[in-house]
Amino acid sequence: AAFFLSLSAQVQIVTFDKFDRPYQIPVVKQLEKAFPGHITHILGNSCRTVPNFFAPKNGMAQHSNDDCADREFDLLHGSSLCPTDNIDLVQHATCGTILTSTAMHALSDRAVYFGPNAQWRKLRDDGCISDITCFREVPRTLNQSFIFAEKDKVIAHDFCFAVVTGACSNNNCTIASDNEEKCVEKREAMKGILNNLCPDDRIAVPS
C-alpha cells in the first residue's frame, strides 16, 4: 500500500480485512497519517463487506453515476481467506482491470489459484480473466519469526496477475463503461504491461 500511495497523489486505496492481527491497525494509522484521505479501511469479513461495498446505495436497483465513479479500480488484490473474494471483485470490475491475489506456497492450492474449484480456475474457465502471468519469489531465509512462518524457514511463494475481460461483469457500472472498442484497447494495454513484467521470474501457468 505504501509503495502505491507514494507513486502518485491520485492513488486511492480501499482495503477490506478483519484487522484482527496486532500489527494491522497501527499500520493503517501510519498510512492514514502519511497519506491523509487516500486510504479507506473497511472492517469485517470480506466475504460480506466486498459485496456490500459494491452494492447500490439506499436500496436502489442500480448504481448512480457518482457510485460508479467511486467503484472503478485499476488493480484488484484478492485474499486467500475468503473463498469468494476474487470472484466478487472480478464481477464488479471493468474490462482491462488487473487482478492479483495473495501469494501462495503453490499455484495448485485449493483456495485461490488453480487447485480443484479454486477461484482463479473458475474465473479462467468462465472467461472472466485472460492473459494470466505467474511468478515465483526469489527464495529467502527469514531472519526472524512471523505469524505465518518461523525464523530460518526458506520461503518462495507463487502468485499471478491477470486481465479482467469484462465478460462476467454483473452491475450497471461495469456494463455501461465497457464498450467493445474501449475494452479491447484496455486489455491490449494491460497485456503489454504483463508481457514485459519480470520475465526471468515467471513460472508456467497450471493447465
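Helices here are DSSP runs of H or I with at least four residues, strands are E runs of at least two, and both are numbered from the N terminus. Keep that in mind for names such as β4 and α6, because you'll be selecting by them. One more thing before you click: the model is predicted.

**Stop 1: a loop residue**

Select Asn117, in the loop between β4 and α6. Its phi is positive, about 65 degrees, although Asn117 is not a glycine. Most residues other than glycine have a negative phi. Is Asn117 buried or exposed? Exposed: its relative accessibility is 60%, and the cut-off for that label is over 50%.

Now jump to Phe19, in the loop between β1 (13-17) and α2. Phe19 also has a positive phi, near 50 degrees, and is not a glycine either. Its relative accessible area is 11%, so Phe19 counts as buried, the limit being under 20%.

**Stop 2: the sheet**

Next, show the five strands of the open sheet, in the order β3-β4-β8-β5-β9. The pairing is mixed. Which strands sit at the edges? They are β3 (75-78) and β9 (202-203), each of which pairs on one side only.

Start from the β3 edge. β3 pairs with β4 in the parallel sense, over four bridges. To see where the two strands line up, pick Leu75 and look across at Ile98 in β4. Color β3 by face: Leu76 and Gly78 are on the covered face, while Leu75 and His77 are on the uncovered one. Then add helix α5 (residues 85-91), which together with β3 and β4 makes a right-handed β-α-β unit.

Step over to the other neighbor of β4. Strand β4 (residues 98-101) pairs with β8 (residues 158-164) in the antiparallel sense, over three bridges. Two rungs worth labeling are Leu99 with its bridge partner Ala162, and Thr100 with its bridge partner Phe161. While you have β4 selected, check its side chains: Ile98 and Thr100 point one way, Leu99 and Ser101 point the other way, and all four are buried.

Now bring in helix α8 (residues 180-195), which packs on the sheet. α8 touches β4, β5 (129-136), β8 and β9. Turn the view to compare directions: that of α8 makes about 160 degrees with that of β8.

**Stop 3: the nonpolar cores**

Switch to side chains. The largest nonpolar core has 26 residues. Which of them touch the most other members? Select Tyr113, Phe114, Trp120, Ile129, Ile132 and Cys160. The elements giving two or more residues to this core are α3 (46-54), α5, α6 (119-125), β5 and β8. Nonpolar side chains tend to be buried together in soluble globular proteins.

Zoom in on Ile129 and leave out residues up to four places away in sequence. What remains in touch with Ile129 includes Val90, Leu99, Trp120 and Leu123. Arg124 is also on its contact list, as are Ala162, Val163, Val164 and Thr165.

Apart from the largest core lies another one, of five residues. Among its members are Ile98, Phe135, Phe161 and Val163. You've met Ile98 already, opposite Leu75, and Phe161 as the bridge partner of Thr100.

**Stop 4: the salt bridges**

How many salt bridges does a search of the whole structure find? Two.

For one of them, select Asp158 and Arg136, whose side chains meet at 2.7 Å, N to O. This pair links distant parts of the chain: Asp158 belongs to strand β8 and Arg136 to strand β5, 22 residues apart. Asp158 has 3% relative accessibility and so counts as buried, whereas Arg136, at 42%, counts as partly exposed.

The other is Lys29 with Glu32, where the closest N and O atoms are 3.9 Å apart. The salt-bridge cut-off is within 4 Å. Both residues sit in helix α2 (residues 24-34), three residues apart, which is about one turn of the helix. Lys29 is partly exposed, with a relative accessible area of 46%. Glu32 is also partly exposed, at 24%.

Technical notes:
Residues are numbered from 1 along each chain as its sequence is written. This is a predicted model: local features need pLDDT of at least 70, side-chain atom pairs count only at pLDDT 80 or more; totals for chains, interfaces and linings use all residues. Side-chain values use heavy atoms; hydrogens and water are left out. Two strands pair if DSSP finds at least two bridges between them. Contact means heavy atoms within 4.5 Å. Axes are lines fitted to C-alpha atoms, for helices over the stretch in contact, and angles run from 0 to 180 degrees between N-to-C directions. Buried means under 20% relative accessible area, exposed over 50%, partly exposed in between (1.4 Å probe, protein chains only). A crossover is right-handed if, with the strands pointing away from the viewer, the path from the first strand over the helix to the second runs clockwise. A nonpolar core is a set of buried Ala, Val, Leu, Ile, Met, Phe, Trp, Tyr and Cys residues joined through side-chain atoms within 4.5 Å.
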